Structure formats: C-alpha cells, structure tokens
Amino acid sequence: MTANIAPLTQCAAWKALEAHYPKVRELHLRQIFADDPNRGERMAAEAVGIYFDYSKHRITDETLKLLLQLAEESGLRAHIDAMFRGEKMNVTEQRAVLHVALRARKGQAIVVDGEDVVPRVHGVLDRMADFSNRVRGGEWKGHTGKPIRNVVNIGIGGSDLGPAMAYEALRHYSRRDMTFRFVSNIDGTDFAEATRDLDAEETLFIISSKTFTTLETMTNAHTARVWALKTLKHQAAIASHFVAVSTNADEVAKFGIDTANMFEFWDWVGGRYSMDSAIGLSTMVAIGKESFRDMLDGFHQMDEHFRTAPFERNLPVLMGLLTLWYNNFFGAQTVAVLPYEQYLNRFPAYLQQLTMESNGKRVSLDGTEVAYQTAPIYWGEPGTNGQHSFYQLIHQGTKIIPCDFIAFAQPLNPLGRHHDVLLANVFAQAEALAFGKTSQEVRADGMPEWLVPHRTFEGNRPSNTILLERLTPQALGKLVALYEHSVFTQGAIWQIDSFDQWGVELGKVLAQRIIPELEAKAEPKLEHDSSTNTLIRRYRKLRQTSP
C-alpha cells in the first residue's frame with residue numbers, strides 16, 4: 001500500500017506541519033477560545049450516536065487542514081478501501097485484516113482469496129447463539145445432570161482482554177444468576193482464585209486458543225481438566241464441561257473436547273480484534289444473543305462511518321490525527337483514557353493491547369527503521385477514582401498527556417444525584433485542564449504570595465470529550481470500533497504494519513528454553529548471560545527451601 005507513497009517525513013503536509021508547529025506551540029487555549037467564542041460548537045463532530053468534542057486541543061483551523069492533508073497524502077483512503085476489500089494488509093504474515101467482516105450484516109459480501117466470508121461468519125454466530133441459548137436455558141447439562149451456573153473463559157491476550165472487558169462493560173445486561181470468571185495469567189493464583197468457590201458439576205470452561213498450543217492457555221486448560229476430574233471422576237465428563245474456540249480440531253479432540261463444540265475463527269482475525277468473533281462466546285452466554293447482535297450492530301455502524309465519512313467529519317480519523325499531532329510534534333509519550341463509567345473499568349487495559357500491540361513498531365512496511373515516534377503508551381482508570389490518584393501529574397506535572405474523557409448522559413444505576421455529580425466532574429476536569437488557573441486568579445482568592453506558584457494551574461492541557469447517551473451493547477461496539485479505526489489511521493500514516501506482533505515472540509521462545517532448566521532435578525548446564533544464569537540458580541535454591 002505504500003508503493004506510491006513518499007516516506008512520511010518527505011510528505012509536503014508533514015513538512016508544513018513541522019513549520020507550523022512552532023507557531024501553535026506558543027498559543028494557549030485561553031486565548032484561542034477568547035478569540036473564537038464559537039469554537040466549542042464548531043470543533044465537534046457527531047456520528048452514530050457519539051458526540052466528539054475536540055475543541056480543547058492545541059490546534060488551529062490551519063493545523064486541522066494540514067493534518068487532514070497528511071491523511072490524504074499518506075493514502076489513508078486507499079488503505080481503508082483495501083482493508084474492506086479483504087486485501088492482505090498484514091504484510092509480514094500475508095493475511096487479510098477483516099475484523100470488519102465479523103460484524104458485517106447478512107447479504108453483505110466481503111471476499112478473501114476468492115471466498116465471501118460473511119456467510120461463514122454468520123454460520124458461526126448462529127452456532128454460538130444456539131449454544132448460548134442452551135446454556136442460559138438450562139438445556140445444556142453438566143456430566144451429573146446439573147445445569148451450568150458458572151462459566152470460566154481461559155485465554156490470554158485478545159482471547160481474554162476482550163471478553164473480560166466486554167463482560168464487565170455489559171454486566172448490567174448479564175445473567176445475574178450465573179457466575180463468569182476469566183483466567184489468563186499462568187500464575188497459578190489466577191486459576192486458584194477463579195475456581196476456589198465453584199462447583200465443578202455446574203462449571204463450564206471455554207478454552208480460547210486459535211492454535212490450541214498457546215503455553216499459558218493450555219497450561220491453565222490442563223489444570224482446569226485436572227480440577228474438574230477431581231470431582232467428576234470420568235474422562236467422558238470433559239465433553240460436558242469444556243468447549244473450545246479454536247481452529248485446531250486435532251488438538252481440541254486430543255484434549256477430550258467434542259469437536260462439534262468447537263467454535264471457529266480465522267487467520268484474518270487478529271487476537272486483539274477478536275472480541276466480536278467466537279472469542280466472544282462467554283460474552284454471548286452472559287448477555288444473550290440479542291444483546292450480542294446489538295453490540296455487533298454498533299461495531300458495524302462505526303465501520304460504515306469510518307469507511308464512508310469525509311475525513312473532516314470522520315471520528316476515528318480525527319481521533320487518530322490528533323493522537324499523531326501530539327505524539328510526533330509535541331513529543332507526548334502517553335494518552336490517558338478516562339471513562340467516567342464504572343462498568344468500563346477494564347476498558348483502558350483492553351485498549352493497551354489494541355493500541356500498543358498494533359502500533360508499537362520501529363520499522364516501516366518495507367523493513368526500514370522509522371525516523372519518528374510511533375505508538376504512544378495508553379493507560380487510565382475510571383473517573384472519579386483517577387482524580388484522587390494521578391490527575392495531579394496531568395494537571396501540574398511536567399509532561400503533556402492528552403486525555404480522552406468518555407461519558408454517558410444516562411446512568412444505568414440511577415441513585416439520587418450521583419450521575420449529575422459524576423458528569424460535572426467530567427466537564428470540570430476537561431475545563432480545568434484546558435484553561436487552568438492563572439497566578440492572578442490565585443492571588444484574587446487571597447492566597448499568600450509564597451503559595452501562589454503551588455496553586456497556579458498552567459492549563460493548556462489537551463483532551464477529547466466523548467459523550468454518548470447510555471452504555472448499551474450497541475454503544476460498546478461503537479466505542480471499541482472507534483478506537484480500532486483510530487489505531488488503523490495512525491498505523492497507515494506511520495507506514496507500519498498494525499496487524500502483526502512479532503515483539504511478543506522472542507520472550508516466549510526463551511521461556512521455552514528456560515522452563516526445563518528450572519524443572520531439572522540435576523543442576524543444569526546454563527549458557528545464558530551472567531545475570532540470567534544467576535537468577536535461575538537463585539530461583540532453584542529458593543524453591544528447594546520454600547515450605
């Protein structure tokens with residue numbers, strides 16, 4: 001896709017932005033808003049039920065014009081069209097990138113290698129719906145005839161973060177007479193605590209692994225098998241208490257799972273983009289097929305907006321360009337995601353994988369080292385908790401940290417004045433970050449001179465405010481897709497492959513070498529560096545002396 005595209009730093013728009021940046025750097029949002037009283041209404045976009053206020057950014061109309069020009073010169077439109085056509089956007093693995101097909105409507109055609117994949121997607125969705133109905137309705141029984149009351153999803157990365165985030169986000173819509181747990185860490189504590197109070201006769205494990213060979217997932221899966229059989233006794237019980245989300249039927253069958261209860265997904269679905277595939281089986285069991293399809297509809301609405309909307313009104317494009325502006329010109333190294341909705345408490349963690357695994361790359365598509373920063377670090381916590389934690393640094397620290405405030409106009413759990421107070425904090429924090437409090441204003445409050453510097457807020461700290469009506473399954477789909485396509489926008493402009501993740505491989509390979517060295521009865525011959533050798537020996541010694 002970059003064959004006819006100039007290197008990023010040679011683009012006319014990039015050079016223009018470099019010349020433009022020093023002028024904007026000196027501007028303050030107090031003055032910008034004073035000079036343009038309608039800026040708050042003008043610099044906002046609305047689509048598919050999301051109101052996106054980007055007025056509190058250190059940008060002018062000229063900045064925005066140049067950023068949009070950079071998107072055009074980078075071939076963003078061609079990249080978008082190519083993805084939706086099913087071209088192999090993941091160049092290092094020669095795979096299509098078609099998470100958008102997971103939420104395509106019946107009758108829509110998306111072709112990969114000559115095959116329309118949409119019918120297969122809906123075939124799996126129909127099987128998921130049938131299965132979830134049987135579990136939720138009590139028709140699916142455990143080995144001893146008891147209905148399923150507990151569902152444990154075992155996966156890691158996208159096979160865990162997506163379903164775990166979605167369950168927490170949509171807990172309001174979930175079956176409250178059922179328990180849902182998520183196990184990912186190979187630390188035995190994760191499994192032990194997740195199953196400590198569960199009855200094996202009423203517990204279903206969903207093993208989510210594309211290859212059914214992932215070390216962490218399969219270690220936990222085999223532990224789950226031992227745990228279940230301790231109560232259930234008979235090997236035949238596995239078929240009633242385990243199902244698989246995988247593509248490896250041989251390994252699934254070898255484990256003891258009936259391959260009729262294996263739910264498929266495809267190599268054109270990246271793990272971090274898979275929560276709306278069969279990886280979301282636990283989500284569907286929790287919220288039901290209707291709510292799951294509502295979530296898919298939300299994804300699809302944002303997909304179509306991203307595919308068709310002009311860039312100047314395109315929410316993911318605007319969000320991606322603003323992230324690039326601070327990352328590449330202001331030197332901002334992080335983005336804070338601040339959802340003012342307790343149900344979204346796992347959303348920042350989910351976005352960490354989506355953003356940093358996608359765009360944490362140091363070489364371009366042609367393998368040459370990039371001459372600019374790529375992915376910023378994403379982090380955050382729900383408000384108002386974060387206000388009493390790290391907001392001090394955002395307001396008065398030495399680092400510039402662009403913020404995404406996410407809020408909903410209607411509460412899912414209305415309690416007195418709680419929601420008005422919550423939303424007042426959203427708007428107040430964005431206002432305080434933008435405009436601050438001058439030393440003159442502090443003095444006017446009667447503060448002694450020595451205290452004035454400590455009570456002064458510089459302001460000029462940028463933020464987006466993302467406002468929706470209510471957190472519904474559909475709204476969650478829109479939000480996730482908004483960030484997915486923002487990531488795509490950034491990666492396309494940076495000319496990197498946003499869909500491989502070779503950076504996670506080396507540590508895995510080395511771990512496989514070290515495991516037998518830790519487990520060996522006799523002292524192994526170690527050929528690592530002196531630090532690693534010493535740590536291995538120290539671990540072996542401490543393990544032998546532990547209770």
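How many nonpolar, polar and charged residues does the lining of the largest pocket have? The legends below start with that pocket in this predicted model, then visit the other spaces, the nonpolar cores and one histidine.

**Figure 1. The largest pocket and its lining.** Here we look into a pocket with a volume of about 1,100 Å³. By class, its lining has 14 nonpolar, 17 polar and nine charged residues. The lining is made of 40 residues in total, and if you want to place yourself at the centre, look for Thr 214, Gln 501, Val 504, Glu 505 and Lys 508, which lie nearest to it. Four helices each give two or more residues to this lining: α7 (158-169), α9 (215-232), α15 (347-359) and α21 (505-519). Among these, α21 provides the largest share, with five residues.

**Figure 2. The second largest pocket.** This pocket has a volume of about 360 Å³. Its lining is formed by 16 residues, and nearest the centre you will find Glu 341, Gln 342, Asn 413, His 419 and Leu 422. Sorted by class, the lining residues are seven nonpolar, eight polar and one charged.

**Figure 3. The largest cavity.** Now we turn from pockets to cavities. Rolling a probe the size of a water molecule over the atoms shows where empty space is left. The count comes to two cavities of 30 Å³ or more, and the largest has a volume of about 130 Å³. It is lined by 18 residues, with Leu 322, Thr 323, Val 335, Pro 402 and Asp 404 closest to its centre. Helices α14 (315-330) and α20 (473-494) and strands β10 (334-339) and β12 (403-408) each give two or more residues to the lining. Of the contributing elements, α14 gives the most, namely five residues. In this lining, 10 residues are nonpolar, seven polar and one charged.

**Figure 4. The second largest cavity.** With a volume of about 40 Å³, this cavity can be shown with its whole lining labelled: Leu 102, Val 121, Val 124, Leu 125, Glu 264, Trp 266, Asp 276, Ser 277 and Ala 278. These lining residues comprise six nonpolar, one polar and two charged.

**Figure 5. The nonpolar cores.** In soluble globular proteins, nonpolar side chains tend to be buried together. In this model the largest nonpolar core has 126 residues, and those with the most contacts inside it are Trp 268, Trp 325, Phe 347, Ile 466 and Leu 476. Helix α20 supplies the largest share of this core, 12 residues. For a closer look, take Ile 466: beyond residues up to four places away in sequence, it touches Ile 50, Tyr 51, Phe 52, Met 319, Phe 405, Ile 406, Ala 407, Leu 479, Leu 482 and Tyr 483. A second core, separate from the largest, has 25 residues, including Ala 200, Ala 228, Phe 242 and Phe 255.

**Figure 6. His 28 in its loop.** Our last stop is His 28, found in the loop between α1 (12-25) and α2 (29-35). Is this residue buried or exposed? His 28 counts as buried because its relative accessibility is 18%, and the cut-off for buried is under 20%. The side chain of His 28 reaches the backbone nitrogen of Arg 30 at 3.0 Å. Apart from neighbours within four places in sequence, His 28 is in contact with Ala 434, Phe 435, Glu 458, Gly 459 and Asn 460.

Key: Residues are numbered from 1 along each chain as its sequence is written. This is a predicted model: local features need pLDDT of at least 70, side-chain atom pairs count only at pLDDT 80 or more; totals for chains, interfaces and linings use all residues. Side-chain values use heavy atoms; hydrogens and water are left out. Buried means under 20% relative accessible area, exposed over 50%, partly exposed in between (1.4 Å probe, protein chains only). A polar contact is a pair of N or O atoms within 3.5 Å; within protein, one must be able to donate a hydrogen and the other to accept it, and residues adjacent in sequence count only if both atoms are side-chain atoms. Contact means heavy atoms within 4.5 Å. On a 1 Å grid over the protein atoms alone, a cavity is a set of points where a 1.4 Å probe fits but cannot get out, and a pocket is an open set with protein on both sides within 12 Å along at least five of seven lines; lining residues have an atom within 4 Å of a point. Grid points are joined across faces, edges and corners, and a volume is the space filled by probe spheres set on the points. Ala, Val, Leu, Ile, Met, Phe, Trp, Tyr, Cys and Pro count as nonpolar, Asp, Glu, Lys and Arg as charged, and the others, Gly among them, as polar. A nonpolar core is a set of buried Ala, Val, Leu, Ile, Met, Phe, Trp, Tyr and Cys residues joined through side-chain atoms within 4.5 Å.
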